[in-house]
Amino acid sequence: MQKNDRDAETTNKTRETAAALQKEVPAQPAQMISGRECGNGMMGKQYKLIRCTINGKAVEHMVDVRASLTDMLRNDYRLTSVKKGCEVGECGACNVLIDGECFNSCIYLAVWADGKNIRTMEGLLGPNGELSDIQQAFIDETAVQCGFCTPGFIMTAVEILESGREYTRDELRKLLSGHLCRCTGYENILNAVEKTMKKRLNK
């Protein structure tokens, strides 16, 4: 399934879940819930314990059922490579890998991460902070300017590279089309991904 198709499916799932939650949970901030309301089961409806793996580390966390995966990763785990951009699944800046597939985390509810393996750009670094080959390629090819979109592009590139396939330049362009960049003009980004792909395939 193409990334754009997955994102459209995720958006529909988000809307359906939000509609269901609206019926069950009053639209009030979590901190305003009183102990009496918690005792009546409100806490059980509004929060859920999830267990998942983030960048190779098993974690468990109590999350608001209305929170996005972006918010959980940024606010609770300080993984700030996950950027908050459009927040409607259009720009790709919040892109992460979930069980090996790329998703826009802004339209992916945190509760859906239960049992999943999540990877962000922080997880690409070596044990002593060494950059991965795709990160270095972005530097070498001058594919970074303001850098806001870079982590999302890199995580999509990781999915592409880990497929082990050789793609044409046009195919790579399509696979990267779920991202917006206002600085680079895209060509240097495309060059970085293509260069790393060929290097891994010994081409």
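Of the 203 residues in this protein, 42% count as buried. Keep in mind as you look around that this is a predicted model. The accessible surface adds up to about 10900 Å², and carbon and sulfur atoms own 49% of that. As for contacts, take those with a separation of 6 or more: 58% of them are between residues 24 or more positions apart.

Now for the building blocks. The protein has eight helices and five strands. Starting at the N terminus, their order is α-α-α-β-β-α-β-β-β-α-α-α-α.

**Helix α8**

Let's zoom in on α8, which covers residues 187-200. How far apart should the ends of this helix be? With 14 residues at 1.5 Å a residue, the expected span is 20 Å, and the end C-alpha atoms are indeed 20 Å apart, so the two values agree.

Which residues of α8 are buried? They are Ile 189, Leu 190, Ala 192, Val 193, Glu 194, Thr 196 and Met 197. A bit of helix geometry helps when reading that list: an α-helix has 3.6 residues a turn, so residues three or four places apart point the same way. The cover over the buried residues of α8 includes α5 (133-140), α6 (150-162) and α7 (169-175).

Glu 194 turns up again in a network of salt bridges, together with Arg 169, Arg 173, Glu 187 and Lys 198.

**Two unusual phi angles**

Most residues other than glycine have a negative phi. Tyr 186 is not a glycine, yet it has a positive phi of about 75°. You'll find Tyr 186 in the loop between α7 and α8, and it is partly exposed, with a relative accessible area of 34%. Asn 202, also not a glycine, has a positive phi of about 55°. Asn 202 is in the segment after α8, and because its relative accessible area of 70% is over 50%, it counts as exposed.

**Salt bridges**

How many salt bridges are there? The count comes to 14. Here are some of them:

| Pair | Closest N to O distance |
|---|---|
| Arg 51 and Glu 60 | 3.1 Å |
| Arg 66 and Asp 64 | 3.0 Å |
| Lys 203 and Glu 166 | 3.5 Å |

The pair of Lys 203 and Glu 166 links distant parts of the chain: Lys 203 is in the segment after α8, Glu 166 is in the loop between α6 and α7, and they are 37 residues apart. Lys 203 is exposed at 64% relative accessibility, while Glu 166 is partly exposed at 43%. In the pair of Arg 66 and Asp 64, Arg 66 is partly exposed at 34%, whereas Asp 64, at 16%, is buried. Arg 51 is partly exposed, with a relative accessible area of 47%.

**A buried serine and a nonpolar patch**

Ser 81 is in the loop between α4 (69-76) and β3 (95-98). Is Ser 81 buried or exposed? Its relative accessibility is 9%, which is under the 20% cut-off, so Ser 81 counts as buried. Its side chain makes a polar contact of 2.6 Å with the side chain of Glu 122. Beyond its neighbours within four places in sequence, Ser 81 is in contact with Ala 93, Thr 120, Met 121, Glu 122 and Pro 151.

Out on the surface, Leu 125, Leu 131 and Ile 139 make a nonpolar patch of about 250 Å². Leu 125 is in the loop between β5 (117-119) and α5, and it is partly exposed, with a relative accessible area of 38%.

Definitions and conventions:
Residues are numbered from 1 along each chain as its sequence is written. This is a predicted model: local features need pLDDT of at least 70, side-chain atom pairs count only at pLDDT 80 or more; totals for chains, interfaces and linings use all residues. Side-chain values use heavy atoms; hydrogens and water are left out. Helices (H or I, at least four residues) and strands (E, at least two) are DSSP runs, numbered from the N terminus. The expected span of a helix is 1.5 Å times one less than its number of residues. Buried means under 20% relative accessible area, exposed over 50%, partly exposed in between (1.4 Å probe, protein chains only). Contact means heavy atoms within 4.5 Å. Patches are made of residues with over 30% relative accessible area and no salt bridge: like charges are joined within 9 Å, nonpolar side chains (Val, Leu, Ile, Met, Phe, Trp, Tyr) within 5 Å. Accessible areas come from the Shrake-Rupley method with a 1.4 Å probe; for residues, only the protein chains shown count as cover. A salt bridge is a side-chain nitrogen of Lys or Arg within 4 Å of a carboxyl oxygen of Asp or Glu. A polar contact is a pair of N or O atoms within 3.5 Å; within protein, one must be able to donate a hydrogen and the other to accept it, and residues adjacent in sequence count only if both atoms are side-chain atoms.
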